[in-house]
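Could you open the model in your viewer and keep the selection tool at hand? We will go from the whole chain to single residues, one stop at a time.

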Amino acid sequence: MEQPRPTDTHGRPSIVWLRDDLRLADNPALSAAVDEGNPLVLLFVLDDNPEVVRPRGAAGRWWLHGSLHSLGERVAERGGRLILRRGDAFVEVLKLVEELDAGAVFWNRRYGAGERTQDSAVKRAVRDTGRVAESFQGTLMYEPWTVTREDGQPYGVYSAFWRACAKTAEPRDPLAEPQKLNGVDAELACDALDSWELLPTAPDWAGGFREEWTPGEPGAQSRLEEFVRERIARYSGQRDRPGAEASSRLSPHLRFGEISPFQVRAAVLASRNGAAENRSKFVAELGWREFNYSLLFFNPNLDSENMRRNFDGFPWNRADSAILEKWQHGQTGIPLVDAGMRQLWHSGWMHNRVRMVVASFLIKNLLIDWREGEQWFWDTLVDADPANNAANWQWVAGSGVDSAPFFRVFNPVLQSSKFDPQGDYIRRWVPELAHLPAKQIHERPAGGEVTLDGAAADSYPRPIVDLKATRAAALAAFDQIKSH
DNA sequence: TTTTGAGTTGTTCGA
DNA sequence: GTCGAACAACTCAAA
């Protein structure tokens, strides 16, 4: 990677090309540019080419708007320039290099196949003009090619991967945030953020999002501080309780790189709050993100191709849009499933435990192809992430790399009484059932039966499937594709 | 190369 | 209510 430095970068502007790293603190590409001492420009390009980056869903576009808005203010406060452009990122980066006669371009690495192709092409093209192009490690603590088995093959199970990570060099300490940015003094075209139309207008469905989230680096920092201060001490015990507010809610901030895993890890490990088990458990969750990115790196079509190819012959139910829509809109008649789907629709986020339950219900009770669910999550989750979303859906489906999936058919009613025993979560998201006592809230009577619940409960649908029968059907379907 | 132990997150049934 | 066993067979990692 070492290359002779052109001697004439002195005084020439540097470009920091931002992508999934919309932050100033612990941003190695930005720090490298600041250390050069030359004037600089931060550039973000909205590249809609699906060959390069999977186009963001509606929730992701909403977040991106807020994140860029926040970043623009912070950059300006420090004397810097954030330039927004739309188009082919390869073209736009090279164009800006020419406009500025920049001496160097810096960025933090991406790990998707299309992204890597584009980044390599940019690196080559910039270097071909005799300029500096350098990439940095800012998004993952363990880059996929650095954690492999002895024989160079990627790990296929999480625990072995995470053990191997622990044996490599410890992740670095976070880098300080540059207090001053020496922005170039030049006329530069810059798109108006509003012109990208990332926000919903008619209708504006983002009210629940605004209540819940503050996109941008300061919002990320305060979530982390709050988590370390108030939640980490009971993380292990409470993380599976959707009604307990024990999650960090850092996922969208990590997704957009408003905070780095290095920062999160360091803050969590520095905490002396509660037992160490909580901290290692949480850092291991960051490990899942690393593992999922490793899967994506070695399986570029993670969101569309079964990792276990015997699943290609799985007898999915043919797409029944009416049934799928009932799942999407939280009208399945299974209280915990509907609570989760409504939380997702309203706030762009769903508790991890409930994600597994609703996914299992779609795949194993409705026998609908996991890609349908993956796509819905992609569109509606503010943290929709190309590695995490696809890998987790494949995990639930059993088409992913982990083994022994045959018995993993969640019973959503049992999950409900186990993890939301008082029904707090259901009451919050399914108001039709809010008046019911805990004993009756987890399961609704099947159709036709007389209920004692009064009028309010009647607006809530009957279960759209029989859980016992559909479970048996799923196990029979999995039998069909068993490898021999 | 062969062998051995293990594999995020579960459910049901019967005692 | 709680507990242990059964639920299959296979793949993965590492010795």
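Here is a guided tour of a predicted model, with something to select at each stop.

**The whole chain**

Begin with chain A in cartoon view, where 21 helices and five strands are to be found. Turn the C-alpha trace along its principal axes and you will see a span of about 80 × 50 × 45 Å. The radius of gyration is 24 Å, which agrees with the value near 23 Å that a compact globule of 484 residues would have. If you colour by burial, 46% of the 484 residues come up as buried. A contact map is worth a look too: of the contacts with a separation of 6 or more, 79% are between residues 24 or more positions apart.

**The cores**

Next, select Ile15, Val16, Leu43, Val93 and Val105. These residues have the most contacts inside the largest nonpolar core, a set of 102 residues. Now add helix H14, residues 352-365: this helix gives the most to the core, with eight residues.

Stay for a moment with Val105 and show its neighbours. Leaving out residues up to four places away in sequence, Val105 touches Ile15, Trp17, Val93, Val97, Val126 and Ala133. Another core, of 14 residues, lies apart from the largest one; to find it, select Ala220, Val228, Tyr235 and Val268, which are among its members.

**Helix H12 and its cover**

Move on to helix H12, residues 321-328. Which of its residues are buried? They are Lys326, Trp327 and Gln328. To see what covers them, display helix H13 (335-347), H14 and helix H15 (370-380), which are included in that cover. Before leaving, click on Gly330, just after H12, where phi is positive at about 70 degrees.

**A helix crossing**

Keep H13 on screen and add helix H17, residues 412-419. The axes of these two helices come within 8 Å and cross at roughly 75 degrees. That angle makes H13 roughly perpendicular to H17. Show side chains at the crossing: Pro335, Leu336 and Val337 of H13 make the contact with Pro412, Gln415 and Ser416 of H17. Sorted by class, the contact of H13 with H17 has four nonpolar residues, two polar ones and no charged ones.

**Backbone stops in the loops**

Now go to the loop between helix H5 (158-167) and helix H6 (207-212), where Pro203 has its place. Zoom in on the peptide bond between Ala202 and Pro203, which is cis, with omega about 0 degrees.

Glu197 is in the loop between H5 and H6 as well. Its phi is near 50 degrees, a positive value in a residue other than glycine. Is Glu197 buried or exposed? Glu197 counts as exposed because 10 other C-beta atoms lie within 10 Å, and the cut-off for exposed is 12 or fewer.

For the last stop, select Asp26, in the loop between strand S1 (14-18) and helix H1 (28-36). Asp26 is not a glycine, yet phi is positive here, near 45 degrees. Its surroundings make a contrast with those of Glu197: Asp26 is buried, with 23 other C-beta atoms within 10 Å, whereas Glu197 is exposed. The cut-off for buried is 20 or more, so the count of 23 places Asp26 in that class.

Methods: Residues are numbered from 1 along each chain as its sequence is written. Chains are lettered from A and ligands numbered from 1 in the order in which they are written. A nonpolar core is a set of buried Ala, Val, Leu, Ile, Met, Phe, Trp, Tyr and Cys residues joined through C-beta atoms within 7 Å. Helices (H or I, at least four residues) and strands (E, at least two) are DSSP runs, numbered from the N terminus. Two residues are in contact if their C-beta atoms, placed from the backbone, lie within 7 Å. The radius of gyration is taken over C-alpha atoms; the globule rule is 2.2 Å times the number of residues to the power 0.38. Axes are lines fitted to C-alpha atoms, for helices over the stretch in contact, and angles run from 0 to 180 degrees between N-to-C directions. Angles under 35 degrees count as roughly parallel, over 145 as roughly antiparallel, 65 to 115 as roughly perpendicular and the rest as oblique. Ala, Val, Leu, Ile, Met, Phe, Trp, Tyr, Cys and Pro count as nonpolar, Asp, Glu, Lys and Arg as charged, and the others, Gly among them, as polar.
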